[in-house]
Amino acid sequence: MQSDFWGAFYHSDVQSLWLLLVVPSLFLLFLLTRGRVAAPPRARFLTTWALLFTLETLLDPIATGPLLRALKLDGVALYAWIFVFVWLGDFRVLWLHFADLGDAPDPRAAARPAAALACLVPLATGALYAPVWMGFVEAPSQVLWLIYETLFFALALWLRGRTANPALRVIWLYVLAYYGLWAAADVLILSGLDAGWALRVLPNQLYYAFFVPFVWWRTRVSGARPA
């Protein structure tokens with residue numbers, strides 16, 4: 001008999017909520033207790049970015065977990081709600097890319113091309129998955145995520161090749177790691193293997209819990225010291 005232990009664990013609040021909040025909560029406390037000191041513009045940008053997306057990281061599993069269940073959304077409304085947070089998760093790294101980790105002439109203006117490009121993969125995914133939504137073909141919902149993961153992996157690989165910033169190249173490698181692991185996990189899940197849900201726990205932690213602290217650490221190592 002096929003075990004669904006990891007599937008049940010993955011969809012529980014232990015994995016999908018509480019384990020995702022521990023590291024961001026501690027990191028937010030770290031950021032808030034550092035105090036305000038004079039810092040160059042690049043460091044101020046990185047500090048603002050870290051604060052914003054640590055808060056967003058904390059909001060995401062709450063909004064797509066308990067709050068989503070309370071709202072009782074389904075169908076297109078359900079996917080639209082979830083994709084808002086998927087978009088934000090991709091926007092955070094695209095903003096870093098276009099801002100060149102704060103070294104661009106106007107890092108705040110870099111949010112505009114980042115926001116526009118963050119729409120590309122959701123729109124392409126929606127178009128490719130449209131026949132399923134329209135009832136022309138049948139496919140499990142995990143196919144939707146596999147399409148998204150594959151497309152963003154390709155975009156991340158392309159953008160990594162277009163930057164000469166060593167720290168940014170490492171950050172893109174980190175993004176490729178969690179998108180690649182998500183895709184591999186979904187292939188296992190679609191093959192009927194419960195181990196796919198176990199594997200999916202790892203990229204969830206990389207994406208939610210450790211991404212912002214990793215960027216903070218990597219930019220400090222590279223000399224961008226958000227004092």
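Follow the protein chain along its sequence and you meet the pattern α-α-α-α-α-α-α-α-α-α-α. Put as a count, the secondary structure comes to 11 helices and 0 strands. The radius of gyration of the protein chain is 18 Å, close to the 17 Å that the globule rule gives for 227 residues, so the chain is as compact as a globular protein of that length. Please keep in mind as you look around that this is a predicted model.

Now for the overall dimensions. Taken along the principal axes, the C-alpha atoms of the protein chain fill a box of roughly 60 × 35 × 30 Å. Of the 227 residues, 48% count as buried. If you consider the contacts with a separation of 6 or more, 70% of them are accounted for by residues 24 or more positions apart.

Next, the outside of the molecule. The protein chain has an accessible surface of about 11500 Å², and carbon and sulfur atoms hold 70% of that surface. As for charges, the chain has 16 positive and 13 negative ones, and their mean positions lie 16 Å apart.

Let us finish by visiting a single residue, glutamate 56. You will find glutamate 56 in helix 3, which covers residues 41-63. Is this residue buried or exposed? Glutamate 56 has a relative accessible area of 10%, and because buried means under 20%, it counts as buried. Leaving aside neighbours within four places in sequence, glutamate 56 is in contact with Phe85, Leu88 and Gly89. Arginine 92 is another residue to look for: it sits 36 residues from glutamate 56 along the chain, and the C-alpha atoms of the two are separated by 9.7 Å.

Note on methods:
Residues numbered from 1 in each chain as written. Predicted model: local features only at pLDDT ≥ 70, side-chain atom pairs only at ≥ 80, totals over all residues. Heavy atoms only, no water. Helix = DSSP H or I, 4+ residues; strand = E, 2+ residues; numbered from the N terminus. Buried < 20%, exposed > 50% of the residue type's maximum accessible area, 1.4 Å probe, protein only. Contact = heavy atoms within 4.5 Å. Rg over C-alpha atoms; globule rule 2.2 N^0.38 Å. Areas by Shrake-Rupley, 256 points an atom, 1.4 Å probe, with all protein chains shown as cover. Lys, Arg positive; Asp, Glu negative; His and termini not counted. Charge placed at Lys NZ, Arg CZ, Asp CG, Glu CD.
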